[in-house]
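Please open the structure in your viewer and keep the selection panel at hand. The tour below proposes what to select at each stop and describes what is found there.

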Amino acid sequence: MSLRDWPIKRKLTAILVVISGLVLLLTSAAFAGYQYWSLRQTTRDALSVRGRIIAANSTASLAFSNEADARELLSALRADPHIVAAVLYDKVGHVFAAYPADVAGNAVPAAPGPDGYRFERGRLIGFQPVEEAGSQRLGTLYLASDLEAVYDTLRLSVVIGLAVMGVALLAAYLLSMVLQGTISQPILALAETAKAVSTRQDYSVRAPKLGEDELGALTDAFNQMLGRIEDQKDELQRHAADLERRVEERTHELQERNESLRRNAAELLAANTELDAFAYSVSHDLRAPLRSIDGFSQVLLEDYAAQLDEAGRESLHRVRAASQRMGTLIDDLLKLARVTRAEMRTEDVDLSGMARDIASELQRAAPERQVEFAIAAGLKARGDARLLRVALDNLLRNSWKYTAKRPGARVEFASVDANGGQAFAIRDNGAGFDMKYADKLFGVFQRLHSAAEFEGTGVGLATVRRIINRHGGRIWAEGAVDQGATFYFTL
Amino acid sequence: MNPGKILLVEDNPDDVALTLRALKSHNITNDVVVAEDGAQALDYLFGTAGKSPAEKELPAVVLLDLKLPKVNGMEVLQRIRASEGTRLLPVVILTSSDEERDVIEGYSLGANSYVRKPVDFVEFTQAAKQLGLYWLLMNRAPPVPRRP
């Protein structure tokens, strides 16, 4: 595990221990250094004092060349175990006396060196001049001391220093263990909280605040952030729930609407089936009594004409006319119903050709009429050919009918532009109509002229509108009384 | 066997009376046998218990209404076409309606003609006259099938 990955507790402890260790080490080193230096000074000073004392005492021995005295004097050095050698040289530098007595000749210098005390090869040595008070030099004293005393003291200091350092480091470690908690505890608590949040997605937990320092502020900020996240999460959840509820509502609504559509479709189907049955029944059963009324009226007219006066015969004629009119009415209504029910087959339809056919049919049926047809060429549409033929037939027949009283009658079939789209127009210069009643034109049984003026049942235009509507188109009319009429339709 | 007979299958007595009158007024004097519903018509053509089958004297033409009690016109037509003895018998549907599906079904089942009764009695008389003239006088009847 790299230092970087150490837990924060260990890091803090290590920092504290390392720093206190370093401080102790430097302090101890400095102290030991100083002690070493001062011990050497002291040792040198002590040796020099001792040298001077011995030198002062040995003047007589040297002056009188009393070797035994000198040796006696030097042997007193035995009391100091650190003095390893001592030599007394005479005036010319020959060894006069030596300590210890059996010292090897090569263990001590053969001749005195320069005066003074110095450290040499792990030893402190010194050459002390031996002089008569205030007069000539008698010889030189050589002293050599080992440094064991210095090293002993130093060793002791190091041992004490190490012990102190050990105790201090232990104390530092223990203290750091206690004190680092003030820093690591809040951080660990934060980390614990963050972990709980990330693993449990629980934003309601809060990190405990252990103080008012920066870590306390950090904890506050962290808790505030958690609070905001929790609020936002709650809000999100509310929104999600709301959305879900709305989706559910909408789905439910759609299901209901679907259900109602299905019901409507079923009802429509039932209604259509009923209408079918109704139309079929009308077609068969409603015309039969009319045939009886007409037929037996005719029987009366044929067999009992003699018994009837003019008024009676006139009445019977009226009965017949009415029943025939009703027959036509029923037929027209059936056509309207058929147009509603018929299945649509979409194909390309040549409207121009269809219009020309219808025009010539009309002309053939009433060759005495003079009507000018202006049918534009190439008018095409997509739709059900049969239904479109019924529509065109009705519209052209209408124009034909309402131009009956007009000299120079003219019927036009053309394509026009209506609101940017294509519309077909059938225009005549016939009786026209009052725009006031324009919206009534396409209603069933709605007529703007009396039967005496122009005959009709009022079903034709309703049929046309039904056909146009089934094609998804629109039909409307413009006209003025005696100014002709124009019927527009789109497909 | 009288080849001039007409079998009129019609449930409405008014229509029967008017049809008979229309036929008579044009001197079509042939016997008209009236069946008031589909069952009677089938009885007449195929015979039932107690009655001899009519095959010996098949009518020259059957004037068949469609909406009939018990057995409707289409079923009668189907039975006529399904039976060996009557398969070629001329059948004219004479009815109130000219609903397209009736026309298609009628011809599909093998009707020889389809005539809608006009409301106008004058026109109706004309139609009856033309029908009588055509089917009784002009039309060459199919050969009488041999009994197996």
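## First stop: a helix across a sheet

Select helix H6 of chain A, which lies across S7, S9 and S10 of chain A and runs at about 170° to S7(A). Please keep in mind throughout that this is a predicted model. Now add helix H7 of chain A: H7(A) also packs on the sheet, where it touches S7, S9, S10 and strand S12 (485–489) of chain A. The direction of H7(A) makes about 30° with that of S10(A).

Next, display the sheet itself. In what order do the strands of this open sheet of chain A stand? The order of the five strands is S7-S9-S10-S12-S11 (chain A), and the pairing is mixed. The edges are formed by S7 and strand S11 (475–479) of chain A; each has a single partner strand, so one side of each is left without a neighbour in the sheet. From one strand to the next, the twist averages 20°.

Zoom in on the pair S7(A) and S9(A). These strands run parallel and are joined by five bridges. To find one of the bridges, select Glu372(A), whose partner in S9(A) is Arg410(A). As a general point, strands of a sheet pair through backbone hydrogen bonds, either parallel or antiparallel.

## Second stop: the two sides of H6(A)

Return to H6(A) and select residues 351–365 of chain A. The helix has 15 residues and reaches 21 Å from its first C-alpha to its last, close to the 21 Å expected at 1.5 Å a residue.

Which residues of H6(A) are buried? Colour Leu351(A), Met354(A), Ala355(A), Ile358(A) and Ala359(A), which are the buried residues of this helix. They cover an arc of only 135° around the axis, and therefore lie on the same side of H6(A). Choose another colour for Ser360(A), Glu361(A) and Arg364(A): these exposed residues are carried by the face of H6(A) turned away from its buried side.

The surroundings of the buried side may now be shown. The elements against which the buried residues of H6(A) pack include strand S6 (346–350), strand S8 (380–384) and helix H7 (385–402) of chain A. Strand S7 (371–375), strand S9 (409–418) and strand S10 (421–428) of chain A are also among them.

Before leaving this region, select Glu343(A), in the loop between H5 and S6 of chain A. Is Glu343(A) buried or exposed? It is exposed, because 6 other C-beta atoms lie within 10 Å, and a residue counts as exposed if that number is 12 or fewer. Label Leu387(A) as well: its C-alpha atom is separated from that of Glu343(A) by 9.6 Å, and the two residues are 44 residues apart along the chain.

## Third stop: a hairpin in chain A

Move to strand S3 of chain A, residues 116–120. Of its five residues, the number buried is zero, so the strand lies largely in the open. S3(A) is joined by five bridges to strand S4 (residues 123–131) of chain A, and the two run antiparallel. One of the bridge pairs is Glu120(A) with Arg123(A) in S4(A). The two strands form a hairpin with two residues between them, and Arg121(A) in the turn has a positive phi of about 45°.

## Fourth stop: where the chains touch

Display both chains together. Here, 15 residues of chain A are in contact with 15 residues of chain B. On the side of chain A that touches chain B, helix H4 (214–303) and helix H5 (310–341) of chain A are the elements that give two or more residues. The largest share, twelve residues, comes from H4(A). If this side of chain A is coloured by residue class, it divides into four nonpolar, eight polar and three charged residues.

## Last stop: chain B

Finally, select chain B alone. It contains five helices and five strands, and along the sequence it follows the pattern β-α-β-α-β-α-β-α-β-α. Of its 148 residues, 38% are buried.

The five strands form an open sheet with parallel pairing, in the order S2-S1-S3-S4-S5 (chain B). At the edges stand strand S2 (32–35) and strand S5 (113–116) of chain B; each has a single partner strand, so one side of each is left without a neighbour in the sheet.

Notes:
Residues are numbered from 1 along each chain as its sequence is written. Chains are lettered from A and ligands numbered from 1 in the order in which they are written. This is a predicted model: local features need pLDDT of at least 70, side-chain atom pairs count only at pLDDT 80 or more; totals for chains, interfaces and linings use all residues. Two strands pair if DSSP finds at least two bridges between them. Helices (H or I, at least four residues) and strands (E, at least two) are DSSP runs, numbered from the N terminus. The expected span of a helix is 1.5 Å times one less than its number of residues. A residue is buried if 20 or more other C-beta atoms lie within 10 Å of its own, exposed if 12 or fewer, and partly exposed in between; C-beta atoms are placed from the backbone. The arc is that of the directions from the helix axis to the C-beta atoms. Two residues are in contact if their C-beta atoms, placed from the backbone, lie within 7 Å. Ala, Val, Leu, Ile, Met, Phe, Trp, Tyr, Cys and Pro count as nonpolar, Asp, Glu, Lys and Arg as charged, and the others, Gly among them, as polar. Axes are lines fitted to C-alpha atoms, for helices over the stretch in contact, and angles run from 0 to 180 degrees between N-to-C directions.
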